[in-house]
Each structure stands twice: as structure tokens, then as C-alpha cells.
Amino acid sequence: MESRRYSIAPNPMSRLATSTIPKRAQSRAQCSEKPWRLRRAGKLTVVECAALDFPWLIHGFSTRPGGASRLARRHGGRHTAETVLNLGFTDWDSRENVLENRRRWMKALGAGNCDLIALKQFHSDAIRTVNSPGASSNPAPLQGDALISRASRRLLSVQTADCIPILLADPERRAVAAVHAGWLGTVKRIAAKTVGRMQMEFGVRSENLFAALGPGIGACCYEVGPDVVKEFASQFADAKDWFDDVFERISSDDDPNPLPWLSMMPPGHERPLRTHLDLHAANRAILLAAGLRPENIFSCPFCVSCRPELFFSYRRERPTGRLMASIALH
Ligand SMILES: [Zn+2]
């Protein structure tokens, strides 16, 4: 099997030339890696997309180092504790640490005067509109997986630890959105539905929107089974473009119905065939179908599973922390 692991190390931003990215990924991503950068802010590191560099906009994708939380790790039988920026209320961490981390995150973004609006996420296609100033003082967190707003100083934030965070901005109508897209949300087309809600509520035109698809699990590491393949194949005519290995090998075999083969176990094997899913490619296609221009969609080249020093990955380690993607109007 051809390795699709990106070779970006040790200084990630100096190695973002397209020559380091596998040919297939290059053709998918086109030139969309170029605007990504890491910015140091005190002890924190913020991933930013230059396409969202508007003077009226704050945005960023969080990384792992520099927080108040201590995440236990085991190295060869020895326990050590690592200091991390966990931005989600997880079982292993204290509420005080997470609140302190969120304070540091907002400061790093220059968003200290904003209200942080987070969600109780449940892999849905539920979209919440945030306009009233009192939204963040509500003790019951909003439930959903996308936030949209035209109000100033609302720091719309989604949490991830493998899933794809998507930030949307419209310079014409000055509207923003933050979207959490795991495979379930992707199948439900949450990114396209968020664009639709921005059109309906704010008069946004999709061809004016910029989309930054932040750090998530890459196709290199995102192995999935027949259940996931079947969900995508039932919803998208071009789903096979987002899977590798088994899906492609079988579907190119002139078999009119390749899916049953995915659940077959070859002689001597104890588990069904697996394939790899590219959630960035899927969400890019979904945003294109929603009317965004290809040159306005930017996919971050970092895989959170390949880069443990920079990111959390629920697939790679448990327990793990939560990353946050945030966007606000000044
Ligand atoms: Zn990877």
C-alpha cells in the first residue's frame, strides 16, 4: 500500500512546499496549502489561514502545547505528565484548568473582549445562530455542531480531536461560521447546510464565502470500515474519490456493485477489508457543491494523528484533549 503520510518535520511551516505532499493529495488540494502558518503567542501556538486575514476578523485553530492541563502519559512503564492546552471539558481534566486554557486561548487570539460561544456537540447537522449579547451567559450550553453570526465579539468555537473544524467568512455581508465535521456530520452535509443557513438568515452569497478546513485526521491515518463507506456511497455520487485502497481497487474492477466486497473477509484474515477516508476532500467537494469557488477553499495539510507534538488525536491516544477552532468579528 502506498504511504500517504506527509513528511512535514521538524519545522512544519518550512516544509509546506507542494513537493513534500504526495502527488494524489496535490491534485486534490491544488494550491490550497500555501496560506497556512503557525504563529507563536507566548507559550501557545496558533494555526492560521492567511485567506482569513481580514482586519475585521479574528480566527485561529488551537494546538496542543502551552496550557494549564496535565495529561498523563506512559513511556516504557514510566508515567510522566505533559502540559497541554485542553480546551474541552473532558473527564480527566478539571473545569478550572479548561477555563484557564480557554482564557489563554482567547488572549492568544486577541479576543479577550469577546464572549466565547462553545457547543455541546453531538455529530449532528444542527446549526445555531448567535446574535444576542447574552448568549454566553446562558448556563445551559447550546447543543449543535455549527455556529453562525453577524454580531461583533462572539467568538464562535467548535472542539475537535480528529474531526475537521471548518471556519467560514463572508467579507461582503461580514458574516462568520464555525463548523464541526466528523464523518457523521460530513455525511449529513453540515458544511453545506451551514452555508444555506448563512444565505437564508444573513443574505450571504456562497460565491463570496471563504472556507478554512483546519487540522483534522488525514487520509493517511483515517482507516474506516464498510459501514462508513456504505453511508458515503449512499449519499454522494462521487464518494469513491474520497476513499483509497480497497474502495478504489474494487470499484475500478468493472464490478457494478463493489460494496458487498468490502465486508468480505479474505481467507486467513480475521477482519473485514478497510479503507482510508479523506474528510478534507469530502468537505471540499460538499462546499464546492454549495456554490463556493474552488480558489476560496483552503485545506490545512496537517494530520493531527501524524503530529502528536502539535495536536490531539482521539484515534491515536486516550485520554486526549480537545482542540478548538474559533472565529469572531471584531
Ligand atoms: Zn496521518
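A nonpolar core is taken here as a set of buried Ala, Val, Leu, Ile, Met, Phe, Trp, Tyr and Cys residues joined through C-beta atoms within 7 Å. In this predicted model, the largest such core has 87 residues, and L156, A177, A178 and A211 are the members that touch the most others. This fits a general pattern: in soluble globular proteins, nonpolar side chains tend to be buried together. A177 offers a handy view into the core, since setting aside residues up to four places away in sequence, A177 touches A146, L147, I148, L156, L168, T194 and M198.

For the protein as a whole, the secondary structure comes to 8 helices and 18 strands. Of the 330 residues, 46% are buried. Among contacts between residues at least 6 apart in sequence, 65% join residues at least 24 apart. The mean pLDDT is 85, with 78% of the residues at 70 or more. A word of care applies to residues 1-32, where the pLDDT is below 50 and the model shows 37 contacts beyond near neighbours in sequence. Residues 250-257 also have a pLDDT below 50, with 5 contacts of that kind.

An open sheet of 6 strands with mixed pairing runs in the order β8-β10-β13-β12-β14-β17. Its edges are β8 (127-129) and β17 (297-299), each of which pairs on one side only. On average, neighbouring strands of the sheet are turned by 15° against each other, direction ignored. Within the sheet, β12 (residues 164-170) and β13 (residues 175-181) run antiparallel and are joined by 7 bridges. One of the core residues named above, A178, takes part in this pairing as the bridge partner of L167.

Helix α4 (residues 190-202) lies across β8, β10, β12 and β13, and runs at about 155° to β13. The 13 residues of α4 reach 17 Å from the first C-alpha to the last, close to the 18 Å expected at 1.5 Å a residue. Its buried residues are I190, A191, A192, T194, V195 and M198, and these pack against β8, β10, β12, β13, α3 (183-187) and α8 (279-289). Two of them, T194 and M198, appear among the residues that A177 touches. Just after the helix comes G203, with a positive phi near 70°.

Elsewhere, β4 (residues 65-75) and β5 (residues 78-84) form an antiparallel pair with 8 bridges. R74 stands opposite H79 of β5. The hairpin has 2 residues between its strands, and G76 takes a positive phi near 55°.

Some backbone details deserve a closer look. Most residues other than glycine have a negative phi, and most peptide bonds are trans. R153, not a glycine, nevertheless has a positive phi of about 60°, and is found in the loop between β10 and β11 (154-160). R189 likewise has a positive phi, of about 55°, and belongs to the loop between α3 and α4. Are these two arginines buried or exposed? R153 counts as partly exposed because it has 14 C-beta neighbours inside 10 Å, whereas R189 counts as buried because it has 21; the cut-off for a buried residue is 20 or more. Finally, a cis peptide bond with omega of about 0° joins R318 and P319, and P319 lies in the loop between β17 and β18 (323-329).

Key:
Residues are numbered from 1 along each chain as its sequence is written. This is a predicted model: local features need pLDDT of at least 70, side-chain atom pairs count only at pLDDT 80 or more; totals for chains, interfaces and linings use all residues. Two strands pair if DSSP finds at least two bridges between them. Helices (H or I, at least four residues) and strands (E, at least two) are DSSP runs, numbered from the N terminus. Axes are lines fitted to C-alpha atoms, for helices over the stretch in contact, and angles run from 0 to 180 degrees between N-to-C directions. Two residues are in contact if their C-beta atoms, placed from the backbone, lie within 7 Å. A residue is buried if 20 or more other C-beta atoms lie within 10 Å of its own, exposed if 12 or fewer, and partly exposed in between; C-beta atoms are placed from the backbone. The expected span of a helix is 1.5 Å times one less than its number of residues. pLDDT is the predictor's confidence in each residue, from 0 to 100.
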